[in-house]
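Hi everyone, thanks for making time for this. Let me put today's structure on the screen, and then we can walk through it together.

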Amino acid sequence: MDPIELKHALGAGLLSFPVTPFGADGLFNRKAYEAHVGWLAGFDATVLFAAGGTGEFFSLEPSEIPEIVAAAKASAGSTPIVAGCGYGTRIAVSIAKSAEKAGADGILLLPHYLMDASQEGLYQHIKTVCQSVSIGVMVYNRDNSILTADTLSRLCDACPNLVGFKDGSGDIALVRRITATMGDRLTYLGGMPTAELFADAYLGAGVTTYSSAVFNFVPALAQEFYTALRAGDTATTNRILIDFFYPFMDIRNRQKGYAVSAIKAGVRLMGFDAGPVRAPLTDLTAEEVRMMEALCEPYRKATPAAQAAE
């Protein structure tokens, strides 16, 4: 996909990150992944992200990413696929090239590993990755990879295929400065964990879309929330926040890492073989799974689990 086409697709609606299923042997379960991605592609997400944060990018070997991307492309129909990418510059370039070769329509450049870097270091890192591929690139502003508006402006001048900016910092003042400075040069994505909890604030800062992790298992509800948000229907968004997202947040916050583990539990409850999370993450306890089951019960109609029970 042309980078400008990808930019428009990113801004056209809701986005999501499918989980990466693992089998009993701990390896990527391609059959289960294709079944799940095929189901998600039947809803209204305009872009799906393979091997992203919710897809446990941090626990994948770089050599596993091309197969995951290829599997997503094979099962997502016309929905564009963006691949996760990250680590140090040399590794990130290798991942970006292999993802492009596997058919990815773009890459999401996640924060590099552990060490802080100067603005010049981040500039050189992102520019090098962008210039290693012809597909569109999104940068993820989070943790130890926080770009200033000036650095991002330099990158936009140097990298025509830099088309997206995703923020997971929660620094609304910085986000608003970036959206005001860059205007429509980029598409802006909300990237806080359980992004729906912050969607109103980000919308006010000029961020019109976000990646929904819960789309993995309640896609119709996630779409209903997004549609109501964009329509200014606060009665509906408040109802969904109270009925679903705040109870989900209470489960997610019980342990570190549950932003992924709770999503995988939800996917399993909908009848998909998501498998366990990889170490160092841990799966939900039996009690927490029961809590998720009670939360998800109203949304299980027309899912593989519901159909199997009939």
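I'll go through the empty spaces, then the charged pairs, and then a few single residues. One thing to keep in mind from the start is that this is a predicted model.

Let's begin with the spaces. Rolling a probe the size of a water molecule over the atoms shows where empty space is left. How large is the largest pocket in volume? The volume comes out at about 790 Å³. There are 30 residues lining that pocket, and the closest to its centre are Gly53, Phe58, Leu110, Tyr140 and Arg142. If you look for the element that gives the most to this lining, you'll end up at helix H11, residues 258–269, with three residues.

Now for the enclosed spaces. The structure holds three cavities of 30 Å³ or more, and the largest cavity has a volume of about 70 Å³. Its lining is made by 13 residues, with Gly190, Ala199, Tyr202, Thr209 and Tyr210 nearest the centre. Two elements give two or more residues to that lining: helix H8, at 199–204, and strand S8, at 209–210. Of these, H8 gives the most, with three residues.

On to charges. Side chains of opposite charge can pair when their charged atoms come close. How many salt bridges does a search of the whole structure find? The answer is twelve, and I'd like to show you a few.

Please find glutamate 64 and arginine 278, whose side chains meet in a salt bridge at 2.8 Å, N to O. This pair links distant parts of the chain, 214 residues apart: glutamate 64 sits in the loop between S2 and H3, and arginine 278 in the loop between H11 and H12. Are these partners buried or exposed? Glutamate 64 has 13% relative accessibility, so it counts as buried. Arginine 278 is buried too, with a relative accessible area of 16%.

Next comes lysine 73, which forms a salt bridge with aspartate 105, with 2.9 Å between the closest N and O atoms. Lysine 73 belongs to helix H3 and aspartate 105 to the loop between helix H4 (89–101) and strand S4 (106–109), so the pair ties together parts that are 32 residues apart in sequence. Lysine 73 is partly exposed at 29% relative accessible area, while aspartate 105, at 7%, counts as buried.

A third example is glutamate 297 with arginine 300, a salt bridge of 3.3 Å, N to O. Here glutamate 297 counts as partly exposed at 45% relative accessibility, and arginine 300 counts as buried at 18%. There is also a network, in which salt bridges that share partners join Arg254, Glu287 and Glu288.

With those pairs in mind, have a look at arginine 252, in helix H10, residues 234–252. This residue is buried yet has no salt bridge. Where is the nearest side chain of opposite charge? That is glutamate 196, and it is 8.1 Å away. What the side chain of arginine 252 does reach is the backbone oxygen of proline 193, at 3.3 Å. Leaving out residues up to four places away in sequence, arginine 252 touches Pro193, Thr194, Leu197, Tyr258 and Ala259.

Finally, some backbone details. Two residues other than glycine have a positive phi near 55°: alanine 51 and aspartate 143. Alanine 51 is in the loop between strand S2 (47–50) and helix H3 (65–75), and aspartate 143 is in the loop between strand S5 (136–141) and helix H6 (149–158). Their surroundings contrast: alanine 51 is buried, with a relative accessible area of 0%, whereas aspartate 143 is exposed, at 64%.

Where is there a cis peptide bond? Go to the step from alanine 279 to proline 280, where omega is near 15°. Proline 280 is in the loop between H11 and helix H12 (286–296).

Let's stop back in helix H11, which holds alanine 265. With 3% relative accessibility, alanine 265 counts as buried. Its C-alpha atom is separated by 7.2 Å from that of leucine 284, and the two residues are 19 apart along the chain.

That's my tour, and thank you for listening!

Methods
Residues are numbered from 1 along each chain as its sequence is written. This is a predicted model: local features need pLDDT of at least 70, side-chain atom pairs count only at pLDDT 80 or more; totals for chains, interfaces and linings use all residues. Side-chain values use heavy atoms; hydrogens and water are left out. Helices (H or I, at least four residues) and strands (E, at least two) are DSSP runs, numbered from the N terminus. Buried means under 20% relative accessible area, exposed over 50%, partly exposed in between (1.4 Å probe, protein chains only). Lys and Arg count as positive and Asp and Glu as negative; His and the chain ends are not counted. A salt bridge is a side-chain nitrogen of Lys or Arg within 4 Å of a carboxyl oxygen of Asp or Glu. A polar contact is a pair of N or O atoms within 3.5 Å; within protein, one must be able to donate a hydrogen and the other to accept it, and residues adjacent in sequence count only if both atoms are side-chain atoms. Contact means heavy atoms within 4.5 Å. On a 1 Å grid over the protein atoms alone, a cavity is a set of points where a 1.4 Å probe fits but cannot get out, and a pocket is an open set with protein on both sides within 12 Å along at least five of seven lines; lining residues have an atom within 4 Å of a point. Grid points are joined across faces, edges and corners, and a volume is the space filled by probe spheres set on the points.
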